[in-house]
There are 2 protein chains.
Amino acid sequence: MSDPRTRPRQLPERVSDDFEAACAILDQALVAHVGFCDGDQPYVLPMASARVGHDLILHGAVAGRLLTRLAEGVEVCVGVTLLDGLVLSRAAFGHSMNYRSVMLFGRAVEVTDPGTKAQLAHALVEHIVPGRMADTRPPDDRELAATRLLRLPIETFSVKQRSGPPQDAAKDMASTTWCGEIPLHQVAGDPVPDPAMPGDPAVPAYAKRYRR
Amino acid sequence: MSDPRTRPRQLPERVSDDFEAACAILDQALVAHVGFCDGDQPYVLPMASARVGHDLILHGAVAGRLLTRLAEGVEVCVGVTLLDGLVLSRAAFGHSMNYRSVMLFGRAVEVTDPGTKAQLAHALVEHIVPGRMADTRPPDDRELAATRLLRLPIETFSVKQRSGPPQDAAKDMASTTWCGEIPLHQVAGDPVPDPAMPGDPAVPAYAKRYRR
């Protein structure tokens, strides 16, 4: 949805409002930075998030003061950023990053129906570690009651990305310095078993070969 | 500095106000999420940042509307998050992430002195790719004039972190499901040369062996 908040002023060629592009970024990301105002005071909270259909799902403890504020339906801005690489240019000025990011605006709505909460809690775990829910105890009524679940409609957003080599000024193009991109990836290491486990169960495939 | 904004309500054992701990996180991070309010409207912008002494340095184009707002000295909240791993527990409810994060509050101050701007621009590039400034053309007067540089004092902040295995309820400890941590790391791939380079200069060591 176009909106003054999402209309690009700078480098509009890097910006789109494509829903599928936004979903691809939200689906790969593990952490969202959720911003809101309490009077003049901004807060930015890192949160695990998961997209379910046309909503971004956020959650936290019912007792949490800042999440309570979100549940009141204040305006929210969520920033989700995937860093793809560092761009080394001929001039210091042209150094940049390759990234894919979403800036999402709206008001969160609290989900209170226990059945829907259970479904969304399931989706959150499966978003972060696909396959994991088959091996865990689902939340009981007390745990669901202690969890606040919010859905933020993915309606007003912008997608911003940069990829490719540096863009230097014509006057610098004869420079013989090395320039290009250093790609960055998030990778998983060998799973670390909890020493409190009874016995030595096999590491499940979804943990052994975790990829994002 | 202790402050109602940084006083933990939830899980206080995960929170500290240690300056050195904050610096270690800020120095490893490449991206900060910068939040501020424009009336009731929150914004969260991903930005490259660098710590220089007791300040966090932010920058962007002078023409940028949102950065102009920051330069006016509005209240800012910066979230910086390093994701260290995924925590797989016995119960869905106990799934978590291991992370180190800083939440920094304050008002940014614009740096206008050209000499100081040149020093801070240098520090930003060196923060992101240590060693790079020896190989690039430093900013000229026009480029410095087109760059807005802001410093945000690192005074009012909280450091929040989690590490280690899952913490399950006693009733779940006999579970035979695998549980533990999937560590996550940001790694660099092979540098990708800019096809527009004249000749084939050697890849510098700081790009070939980039580590964060």
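In this predicted model, strand E10 (residues 180-188) of chain A pairs with E10(B) in the antiparallel sense, over five bridges. Within this pairing, A:Gln186 stands opposite B:Gln186.

The arrangement of the two chains may be considered next. A turn of 180°, with a shift of 0.0 Å along the axis, lays chain B on chain A with an RMSD of 0.0 Å. That is the relation of a two-fold axis. B:Gln186 appears here again, for its C-alpha is the one in chain B nearest the axis, at 2.2 Å from it. Both copies use the same surface, since 100% of the contact residues of chain B recur in chain A.

How many residues does the contact take from each chain? Chain B provides 92 residues and chain A provides 92 residues. The size of an interface is often given as the accessible area lost when the parts come together. Between them, chain B and chain A bury about 7,400 Å², with 65% of it on carbon and sulfur atoms.

Specific interactions also link the chains. Six salt bridges are counted between chain B and chain A. One of them joins B:Asp194 to A:Arg90, with the closest N and O atoms 3.1 Å apart. In addition, 31 residue pairs are in polar contact between chain B and chain A, both residues being at pLDDT 80 or more. On the side of chain B that touches chain A, strand E10 (residues 180-188) of chain B gives the most, with nine residues. The residues of that side comprise 56 nonpolar, 20 polar and 16 charged.

How values were computed. Residues numbered from 1 in each chain as written. Chains lettered and ligands numbered in written order. Predicted model: local features only at pLDDT ≥ 70, side-chain atom pairs only at ≥ 80, totals over all residues. Heavy atoms only, no water. Least-squares fit on C-alpha atoms with pLDDT ≥ 70 in both. Contact = heavy atoms within 4.5 Å. Buried area = accessible area lost by both parts, 1.4 Å probe. Salt bridge = Lys/Arg side-chain N within 4 Å of Asp/Glu carboxyl O. Polar contact = N/O pair within 3.5 Å; in protein donor to acceptor, adjacent residues only side chain to side chain. Helix = DSSP H or I, 4+ residues; strand = E, 2+ residues; numbered from the N terminus. Nonpolar A, V, L, I, M, F, W, Y, C, P; charged D, E, K, R; others polar. Pairing = 2+ DSSP bridges.
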